[in-house]
Amino acid sequence: MLEKTAFNAPDGQPYQIVQLTNSNGMTVQFMDWGATWLSCKVPVNGELREVLLGCKVEDYPHQTAYLGASVGRYANRIAHAQFELGERTIQLVANQGKHQLHGGKEGFDKHRWKVEECGQNFARFSLVSPDGDQGFEGNVQVNVLYTLTDENSVKIEYEAESDKDTALNLTNHAYFNLENAEQGSDVRNHTLRLNADFYLPVDGEGIPNSSLKHVVNTSFDFRVAKPIAQDFQQGEQVVTKGYDHSFIVNKAWQKPCALLTSPNEDLSLEVLTSQAALQVYTGNYLAGTPTREGGAYQDFSGIALETQCLPDTPNHPEWQNYGGIQKAGERYYQWTEFRFK
């Protein structure tokens with residue numbers, strides 16, 4: 001079902017919203033502005049429960065938390081908003097101090113995507129990012145396909161192709177709260193398990209400042225499920241006010257890279273992906289982000305589980321085997337599946 005709003009987006013045209021429903025009654029909504037995942041209502045004990053943080057449609061261009069948005073051209077941070085590509089220095093648009101975050105001031109989340117097609121269980125959006133967009137080289141054609149299955153899972157598939165070598169790292173920035181996403185209860189009461197042996201240390205600005213480290217004997221060890229609050233803000237987390245770190249996923253496509261479980265264990269979320277890494281962000285700076293009811297979320301109201309490659313990879317050739325640099329004319333394809341149980 002495709003609907004248009006009675007009010008307009010920043011480009012003067014109505015927002016277009018697609019709603020999908022499966023045979024179990026689970027409903028999801030997506031919007032063409034930012035190819036954004038707006039809502040995810042899962043059947044739990046005979047009732048539909050909202051599990052995705054969100055705000056009023058008209059507030060999306062103004063909120064700064066990237067709620068449910070498709071982010072690019074490069075998700076996460078690029079240090080000093082520049083990198084070397086071949087023998088050239090690529091200078092990007094900085095939007096987080098001297099660094100670039102999630103594609104710059106006019107990243108993919110701040111553009112209207114074209115609704116290519118939609119059906120009962122899928123919606124496909126496309127975007128053309130021109131050469132020079134936010135400083136990146138190459139004309140890039142991007143597509144995202146959202147599919148809702150009868151197994152209560154949402155699959156997200158990103159495809160892209162560039163006519164020049166370019167940095168490329170696409171993800172969806174959904175925040176989950178399996179207990180109360182409407183008002184946003186403290187997500188640190190959820191339990192989390194990660195299929196990851198290594199994490200990437202960062203400084204207070206989220207820029208990698210070390211090589212990959214093993215999680216053993218650190219607060220980043222989620223190989224056995226534990227409450228997020230258990231080792232919260234210990235050690236290296238202090239400078240980032242909590243978890244905002246990337247983990248290398250063990251054989252991500254073979255089994256879930258993450259398992260998130262509600263406090264009373266009545267709902268869980270499995271994340272599977274083709275991506276090499278997972279950014280875990282515990283909503284450390286969500287305070288003030290508007291809710292759907294006109295209120296405001298607090299810090300730690302939701303957790304983002306962003307499948308992607310490592311941050312600042314364009315400045316780290318040693319990580320480029322995990323992705324991050326897209327060759328001209330080659331197809332980019334990555335998928336992630338969110339399974340609710």
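The lining of the largest pocket has nine nonpolar, twelve polar and four charged residues. This is a predicted model, and in it about 470 Å³ of space lies in that pocket. Altogether 25 residues line the largest pocket, and those closest to its centre are Arg77, Gln96, Asp244, Tyr281 and Tyr285.

A second pocket can be set beside it. About 180 Å³ of space lies in the second largest pocket, and the residues lining it include Trp33, Tyr60, Pro61, His62, Asp109 and Lys110. Here are the two, row by row.

| Pocket | Volume | Lining by class |
|---|---|---|
| Largest | about 470 Å³ | nine nonpolar, twelve polar, four charged |
| Second largest | about 180 Å³ | five nonpolar, four polar, two charged |

**Strand 22 and its partners**

Asp244, one of the residues closest to the centre of the largest pocket, belongs to strand 22, which spans residues 244–249. How many of the residues of strand 22 are buried? Six of its six are, so that the strand is mostly covered by the definition of buried as under 20% relative accessible area. The cover extends to both faces: Asp244, Ser246 and Ile248 are buried on one side, and His245, Phe247 and Val249 are buried on the other.

Strand 22 has antiparallel pairings with two other strands. With strand 19 (residues 196–200) the pairing runs over four bridges, and Leu200 has Ser246 as its bridge partner. With strand 25 (residues 277–281) the pairing runs over five bridges, and there Ile248 stands opposite Ala277. Tyr281, at the end of the range of strand 25, is also among the residues closest to the centre of the largest pocket.

**The nonpolar cores**

In soluble globular proteins, nonpolar side chains tend to be buried together. In this model, the largest nonpolar core has 59 residues, and Trp37, Phe125, Phe176 and Phe340 have the most contacts inside it. Strand 13 (residues 140–148) gives the most to this core, with five residues.

Which residues does Trp37 touch, not counting those up to four places away in sequence? The list includes Val28, Phe30, Leu52, Tyr146, Val154, Ile156, Ala174, Phe176 and Phe338, along with Gln29, Gly68 and Asn172. Phe176 thus appears twice: as a contact of Trp37 and as one of the residues with the most contacts inside the core.

There is also a second, separate core of 18 residues, with Met31, Val57, Tyr60 and Ala304 among them. Tyr60 is a lining residue of the second largest pocket too.

**Strand 13 and the open sheet**

Strand 13 takes part in an open sheet of nine strands, in the order 11-12-13-14-28-24-23-18-21, with antiparallel pairing. At the edges are strand 11 (114–118) and strand 21 (226–227), each of which pairs on one side only. Strand 12 (residues 122–129) and strand 13 run antiparallel and are joined by eight bridges, and the bridge partner of Val128 in strand 13 is Gln141.

Val140 lies in strand 13 as well. Why does Val140 count as buried? Its relative accessibility is 1%, and that puts Val140 in the buried class because the cut-off is under 20%. The C-alpha atoms of Val140 and Val128 are separated by 5.8 Å, although the two residues are twelve apart along the chain. Leaving aside neighbours within four places in sequence, Val140 is in contact with Arg73, Leu127, Val128, Ser129, Ala160, Glu161, Ser162 and Thr166.

How values were computed:
Residues are numbered from 1 along each chain as its sequence is written. This is a predicted model: local features need pLDDT of at least 70, side-chain atom pairs count only at pLDDT 80 or more; totals for chains, interfaces and linings use all residues. Side-chain values use heavy atoms; hydrogens and water are left out. Buried means under 20% relative accessible area, exposed over 50%, partly exposed in between (1.4 Å probe, protein chains only). Two strands pair if DSSP finds at least two bridges between them. A nonpolar core is a set of buried Ala, Val, Leu, Ile, Met, Phe, Trp, Tyr and Cys residues joined through side-chain atoms within 4.5 Å. Contact means heavy atoms within 4.5 Å. On a 1 Å grid over the protein atoms alone, a cavity is a set of points where a 1.4 Å probe fits but cannot get out, and a pocket is an open set with protein on both sides within 12 Å along at least five of seven lines; lining residues have an atom within 4 Å of a point. Grid points are joined across faces, edges and corners, and a volume is the space filled by probe spheres set on the points. Ala, Val, Leu, Ile, Met, Phe, Trp, Tyr, Cys and Pro count as nonpolar, Asp, Glu, Lys and Arg as charged, and the others, Gly among them, as polar.
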